[in-house]
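Biologist: Could you take me through one part of this protein up close? I'd like to hear about the nonpolar patch on its surface, and how far to trust the model around it.

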Amino acid sequence: MSESQSAAKGLPGFRRIFRSLYYRNFRLFFIGHGVSVIGTWMQMIAAGWLAYDLTAGEPEGVRAVWLGVVAFAGRIPTFLLAPLAGVFVDRWDRRRLVITTQILSMIQAALLAALTLAHVITLWQLIVLSFILGLINAFDVPARQSFVIEMVDKPVDLHNAIALNSMIVNGARMIGPAIGGILLKALGAGFCFLTNAASYVAVIAALLAMQVRPSGRRSAAGNILANLHEGLRYAFGFAPVRNILLLLALVSLSGASYPVLLPVFAQQVLHQGSGLYALLFAATGVGALAGAMFLAMRESVRGLSFWIAVAPAIMGLGLIGLGLSRLVWVSLLAMPVIGFGMMVQMASSNTLIQTLVEDHMRGRVMSLYAMAFMGMVPLGGLLAGLMARWIGAPATVAVNGLWCVVGSTLFFNQLKALRRQIHPVYVKKGILADEFAGLPNTP
């Protein structure tokens with residue numbers, strides 16, 4: 001066992017969970033990003049409800065399709081541009097790039113707020129502004145994910161930092177929809193967008209206050225297309241990274257599209273309204289937060305590949321339960337299961353990939369992660385909207401849950417072979433000691 005692992009094991013439970021906060025830069029990011037993400041979740045639920053409200057008078061199946069279109073517009077730029085954006089992440093200063101994307105996101109939220117509060121917002125304006133945010137996120141996600149390692153000095157604590165980052169995102173998933181639901185009902189969607197715009201001040205201030213040492217990484221140079229090809233060959237030439245990305249893409253295409261249909265569940269299936277819509281989001285956050293805490297408590301990366309294999313099946317069973325339910329309390333119980341499975345797979349995949357790749361390739365590989373995790377969601381959202389028109393929202397969610405279970409089974413069957421390839425990389429990097437060779441849950 002390495003010295004860092006021994007130290008982590010000796011910490012009390014509470015300190016072990018939050019040990020990455022001892023790094024000043026990550027502590028600043030944790031606080032600033034936490035405030036910002038609450039606003040992001042408020043905007044997310046408000047945008048979904050606004051799209052549903054703007055299509056009032058249309059047949060229910062058509063409204064479901066439009067919900068898919070709005071989600072598609074917000075995420076498709078990540079699918080199309082993330083690999084190219086990853087090349088620039090490996091060329092540019094990552095902190096400056098993240099500051100720039102946060103400022104642009106704040107401007108987008110302010111424009112959306114202004115149009116909505118002036119009561120001139122149209123469905124097409126919402127779609128265009130969602131697309132603009134997607135363009136920003138195509139650069140922001142790989143840059144932000146790649147920058148995490150520069151905020152944490154010891155690689156052994158990287159998995160804890162990623163888990164804590166996931167924890168604040170999903171803590172915000174509970175707080176944001178709860179506040180957003182109240183604001184949405186009392187003051188309307190415009191105030192949710194305005195609050196989100198103001199929340200970006202916190203994360204921008206945190207990023208500006210950081211003292212980041214030069215990483216010493218070798219920046220990508222030369223032909224951009226050659227850099228892109230190099231990143232693709234690097235990621236897909238190593239089976240563990242390739243298979244993790246493919247499983248993440250499958251789950252994002254099928255399972256992660258369920259939020260698009262939540263307005264339909266709240267209004268038509270469960271016969272409630274915006275209050276239940278926000279509550280369903282928040283219930284997912286409870287499970288996701290539990291998943292993030294579960295990962296943060298882990299002492300090392302050992303055993304994460306097992307959870308990458310199992311988590312999609314957990315999520316899939318939750319989706320099947322949601323699709324079959326016609327009772328509010330059963331649906332609310334299904335949401336934490338979905339959130340737990342989604343969070344554990346996403347954060348475990350992030351950790352395993354981040355700890356496997358070389359730093360000079362990190363931006364390009366994490367752009368593929370963004371493409372698989374976020375970029376496939378718009379295609380899934382659009383497909384879910386079309387399927388809901390043909391077979392209904394409940395059947396669509398249940399079928400997508402079944403696909404998650406299938407993907408989980410296929411990955412699990414390859415687990416032993418993948419572990420044999422991962423272990424020597426971790427030994428070389430000092431993340432695992434060679435004494436773990438041959439153990440069944442390594443890594």
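Modeller: Here's the patch, with a word on confidence and a buried helix for contrast. Keep in mind that this is a predicted model. The protein averages a pLDDT of 81, and 88% of the residues score at least 70.

Now the patch itself: Leu386, Trp390, Ile391, Val399, Leu402, Trp403, Val406 and Leu410 make a nonpolar surface of about 800 Å². Two helices, α15 (362–391) and α16 (393–413), each put in at least two of those residues. The top contributor is α16, which gives five residues. On the other helix, Ile391 belongs to α15. How exposed is Ile391? Its relative accessible area is 48%, so it counts as partly exposed, since exposed would need over 50%.

For contrast, look at α11, which spans residues 262–269. Six of its eight residues are buried, so the rest of the structure largely encloses this helix. The buried ones are Leu262, Pro263, Val264, Phe265, Ala266 and Val269. After α11 comes His271, with a positive phi near 55°.

As for trust, there are two stretches to watch. Residues 1–8 stay under 50 in pLDDT, and the model gives them 19 contacts beyond four places in sequence. Residues 434–440 also stay under 50, with eleven such contacts. Where pLDDT is low, the predicted coordinates shouldn't be read in detail.

Note on methods:
Residues numbered from 1 in each chain as written. Predicted model: local features only at pLDDT ≥ 70, side-chain atom pairs only at ≥ 80, totals over all residues. Heavy atoms only, no water. pLDDT = per-residue confidence, 0-100. Contact = heavy atoms within 4.5 Å. Patch = residues over 30% accessible without salt bridge, like charges linked within 9 Å, V, L, I, M, F, W, Y side chains within 5 Å. Areas by Shrake-Rupley, 256 points an atom, 1.4 Å probe, with all protein chains shown as cover. Salt bridge = Lys/Arg side-chain N within 4 Å of Asp/Glu carboxyl O. Helix = DSSP H or I, 4+ residues; strand = E, 2+ residues; numbered from the N terminus. Buried < 20%, exposed > 50% of the residue type's maximum accessible area, 1.4 Å probe, protein only.
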